[in-house]
Amino acid sequence: VAIGTYSGPGNRDLDFHGKDIIVYSEGQPLLTIIDCGGSPSEHHGGFIFHSGETLEAIVEGFTIKNAYFATDGGADTGAIHCDGASPFIIGCIISGNTSHGFTTSGTGLPAVFSCRIINNAGHGVSMGSDMLSSGAANLSQSVIADNKWLGVSIPWQSDSDRTIMNCTISGNDSGGVRFIGDPPLACAASAADTAFTSLYANIVAFNGVFGLQRSCCFFPGLQFYCNDVFGNPVDWHNVIDVTSDSAQNFSADPEFCNAAAGMYELQGSSPCLPGSGNNPCFTMIGALGSGSCVCCVGTL
């Protein structure tokens, strides 16, 4: 797809119809824009996958903005929505949408890699609004920041592992990551524990309300390793605080270049860099490495 801004019929609500094809931009996502043009009277998004697409269905290198879907009443539709499908979303910017950013429901395990899901009016990522519509996704090397609701919402489900790895989850108004438990299963001795939700090498910092939260009740299979959870009003809420055990989670200022300006690269002294003496895991933590941000620290 050539550089430019695309809008109107034929350039939104894009549906692969079950085809494992690749749609990619010839330039940077900042220069190749899908303007969904959604409004309260006309709901539109960017892409919808609902025909069993696999990881060979790829979207790469776009900005997707101005999707509109009502986020009240448990709606779980976003600028990119996957229902029983598993596409691969690479290097996209999902921003400025009056909806959730990226949403899943039903079966399927889409992957999101090296994306920025920022400044949306709903959740950054919603894997279903409740148990009935719960979905799954694997998220890696992505910035999920400055969304009005949660960074990531994850209802429990019994049949799909989910991984969030090397992501930066910051500045989301309602919290970082919420694990929505299943109350009816809390008292069921025979409830199945067949799926795992793993968070590895993420930064969860400076969110509103909480960093990591289990809403209540039955949500087994949570695994936390090498995460920096810092600067949230409550870092660990109803989730075991494992900052001092062998999982090597820790709490330290990640030292963003300038989070207020959306610069989530790291200063050279950040404890999240693999060479830092304060990094207990000796691996990169968060989505972005060090940036050329000396000139911009403390400025807008």
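Author: Two strands pair if DSSP finds at least two bridges between them. Keep that in mind for this predicted model.

Reader: Which residue of β24 is the bridge partner of Tyr200?

Author: Start with the strands. β21 covers residues 197-200, so Tyr200 falls within it. β21 and β24 pair in the parallel sense over four bridges. In β24, the bridge partner of Tyr200 is Tyr225.

Reader: In what order do the strands of the eight-stranded sheet run?

Author: This sheet is open, and its pairing is parallel. The order is β3-β6-β9-β12-β15-β18-β21-β24.

Reader: Why is one side of β3 and of β24 left without a neighbour in the sheet?

Author: Look at β3 (22-24) and β24 (222-225). One side of each is free because both stand at the edges, each with a single partner strand.

Reader: By how many degrees are neighbouring strands of this sheet turned against each other on average?

Author: Direction is ignored here. The average turn between neighbouring strands of the eight-stranded sheet is 10 degrees.

Reader: Which strands stand at the edges of the nine-stranded sheet?

Author: That sheet is open and parallel, in the order β2-β5-β8-β11-β14-β17-β20-β23-β26. An edge strand here has a single partner, so one of its sides has no neighbour in the sheet. The edge strands are β2 (14-15) and β26 (236-237).

Reader: Which residue in β17 stands opposite Val125?

Author: β14 spans residues 125-126, and β17 spans residues 150-155. They pair in the parallel sense over two bridges. Opposite Val125 stands Val152.

Reader: How many charged residues are in the lining of the largest pocket?

Author: The largest pocket holds about 200 Å³ of space. It is lined by 13 residues; Cys92, Ile93, Ser114, Cys115 and Arg116 lie nearest its centre. Nine lining residues are nonpolar and three are polar. The number of charged ones is one.

Reader: Where does pLDDT stay under 50?

Author: The chain averages a pLDDT of 88, and 88% of the residues score at least 70. The stretch under 50 has eight contacts beyond four places in sequence. That stretch is residues 295-300.

Conventions: Residues are numbered from 1 along each chain as its sequence is written. This is a predicted model: local features need pLDDT of at least 70, side-chain atom pairs count only at pLDDT 80 or more; totals for chains, interfaces and linings use all residues. Side-chain values use heavy atoms; hydrogens and water are left out. On a 1 Å grid over the protein atoms alone, a cavity is a set of points where a 1.4 Å probe fits but cannot get out, and a pocket is an open set with protein on both sides within 12 Å along at least five of seven lines; lining residues have an atom within 4 Å of a point. Grid points are joined across faces, edges and corners, and a volume is the space filled by probe spheres set on the points. Ala, Val, Leu, Ile, Met, Phe, Trp, Tyr, Cys and Pro count as nonpolar, Asp, Glu, Lys and Arg as charged, and the others, Gly among them, as polar. Axes are lines fitted to C-alpha atoms, for helices over the stretch in contact, and angles run from 0 to 180 degrees between N-to-C directions. pLDDT is the predictor's confidence in each residue, from 0 to 100. Contact means heavy atoms within 4.5 Å.
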